[in-house]
Amino acid sequence: YPQMVSKQADKDLKRALKKGDSEATMRALIDWSIAQTTISPDNISNVITRIEKILSEEKNPCTCALLNTLLIDIYTDLYNNNQWQYDQREIPLLPLPDDYTEWSGEQFKYKVFSLSKDALSDITPLQSAQLKEYADIVTTDEYTFIFYPTLYDFIANSIITNLSDIA
């Protein structure tokens with residue numbers, strides 16, 4: 001079943017990218033990413049690479065912020081899943097190895113902090129975007145839109161949570 005979801009999400013993603021539909025791009029990318037990592041957790045490197053490629057070509061600042069936030073979530077989870085192992089490594093902060101499995105804890109923290117700065121680099125459009133516009137791609141409950149009315153509020157909270165989790 002995840003293979004079928006992955007194949008359909010891949011088609012949807014290509015279609016959304018071709019149309020320049022940012023919201024559909026995010027929805028399809030999330031679906032594809034979940035399917036890929038369900039097929040095998042080892043696929044996370046391919047997921048990261050694809051998100052980074054889409055991010056490098058994306059022009060919409062709100063979508064860029066969401067893509068950066070997605071990467072922040074992924075890197076925070078990866079770090080937390082093997083924190084002890086990463087924290088044992090004493091290697092120079094830069095350059096970051098291409099393979100995240102070779103990183104130190106400090107390199108994960110650096111990457112998450114860097115992505116956080118990128119996610120909030122253009123706050124005006126984030127402050128103007130109502131979170132309700134992104135209800136199809138963000139996980140919400142009955143209070144989310146009350147406490148986080150704008151995309152900026154939502155992303156800033158997500159970043160604070162991830163930075164707290166990785167500190």
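This dialogue explains how to read several features of the chain shown above.

User: What kind of model is this, and how are its residues numbered?

Analyst: This is a predicted model, in which local features need pLDDT of at least 70, side-chain atom pairs count only at pLDDT 80 or more, and totals for chains, interfaces and linings use all residues. Residues are numbered from 1 along each chain as its sequence is written, and side-chain values use heavy atoms, with hydrogens and water left out.

User: How many helices and strands does the chain have?

Analyst: Helices (H or I, at least four residues) and strands (E, at least two) are DSSP runs, numbered from the N terminus. Here the chain has nine helices and zero strands. Read from the N terminus, the order is α-α-α-α-α-α-α-α-α. The chain is as compact as a globular protein of its length, because its radius of gyration is 16 Å, close to the 15 Å that the globule rule gives for 167 residues. That radius is taken over C-alpha atoms, and the globule rule is 2.2 Å times the number of residues to the power 0.38. Along its principal axes, the C-alpha trace spans about 45 × 35 × 30 Å.

User: What share of the residues count as buried?

Analyst: Buried means under 20% relative accessible area, exposed over 50%, and partly exposed in between (1.4 Å probe, protein chains only). Of the 167 residues of the chain, 41% are buried by this criterion. The chain exposes about 9,500 Å², of which carbon and sulfur atoms supply 52%. Such areas come from the Shrake-Rupley method with a 1.4 Å probe; for residues, only the protein chains shown count as cover.

User: How should contacts be read, and what does Leu66 touch?

Analyst: Contact means heavy atoms within 4.5 Å. Among contacts between residues at least 6 apart in sequence, 53% join residues at least 24 apart. Leu66, in helix α4 (residues 61–81), is buried at 7% relative accessibility. Not counting residues up to four places away in sequence, Leu66 touches Met26, Tyr134, Ile137, Val138, Leu151 and Ile155. Leu66 and Thr139 are 73 residues apart in sequence, with 13 Å between their C-alpha atoms.

User: Where is Ser33, and is it buried or exposed?

Analyst: Ser33 belongs to helix α2 (residues 22–39) and is buried, with a relative accessible area of 10%. Leaving out residues up to four places away in sequence, Ser33 touches Val47 and Ile51.

User: Which helices hold Gln8 and Asp165, and how accessible are these residues?

Analyst: Gln8 lies in helix α1 (residues 2–19) and is partly exposed at 40% relative accessibility. Gln8 and Trp32 are 24 residues apart in sequence, and their C-alpha atoms are 8.1 Å apart. Asp165 is in helix α9 (residues 151–166) and is partly exposed at 42%. Apart from residues up to four places away in sequence, Asp165 touches Thr76 and Asn80. Asp165 and Asn81 are 84 residues apart in sequence and 11 Å apart in space, C-alpha to C-alpha.

User: Why is there no disulfide between Cys62 and Cys64?

Analyst: A disulfide is a covalent bond between the sulfur atoms of two cysteines. The criterion applied is a pair of cysteine sulfur atoms within 2.5 Å. The sulfur of Cys62 is 9.2 Å from the closest cysteine sulfur, in Cys64, and is therefore too far for a bond. The count of disulfides is zero. Cys62 is buried at 7% relative accessible area, and Cys64 is buried at 17%.

User: What does Ala129 touch, and where is this residue found?

Analyst: Ala129 is found in the loop between α7 (123–128) and α8 (144–147) and is buried, with a relative accessible area of 5%. Beyond its neighbours within four places in sequence, Ala129 is in contact with Cys62, Tyr134, Pro149, Thr150 and Leu151. The C-alpha atoms of Ala129 and Leu151 are separated by 5.6 Å, although the two residues are 22 apart along the chain.

User: Which form does the peptide bond from Leu94 to Pro95 take, cis or trans?

Analyst: That bond, from Leu94 to Pro95, is cis, with omega near 0°. Pro95 is in the loop between α5 (83–87) and α6 (105–119).
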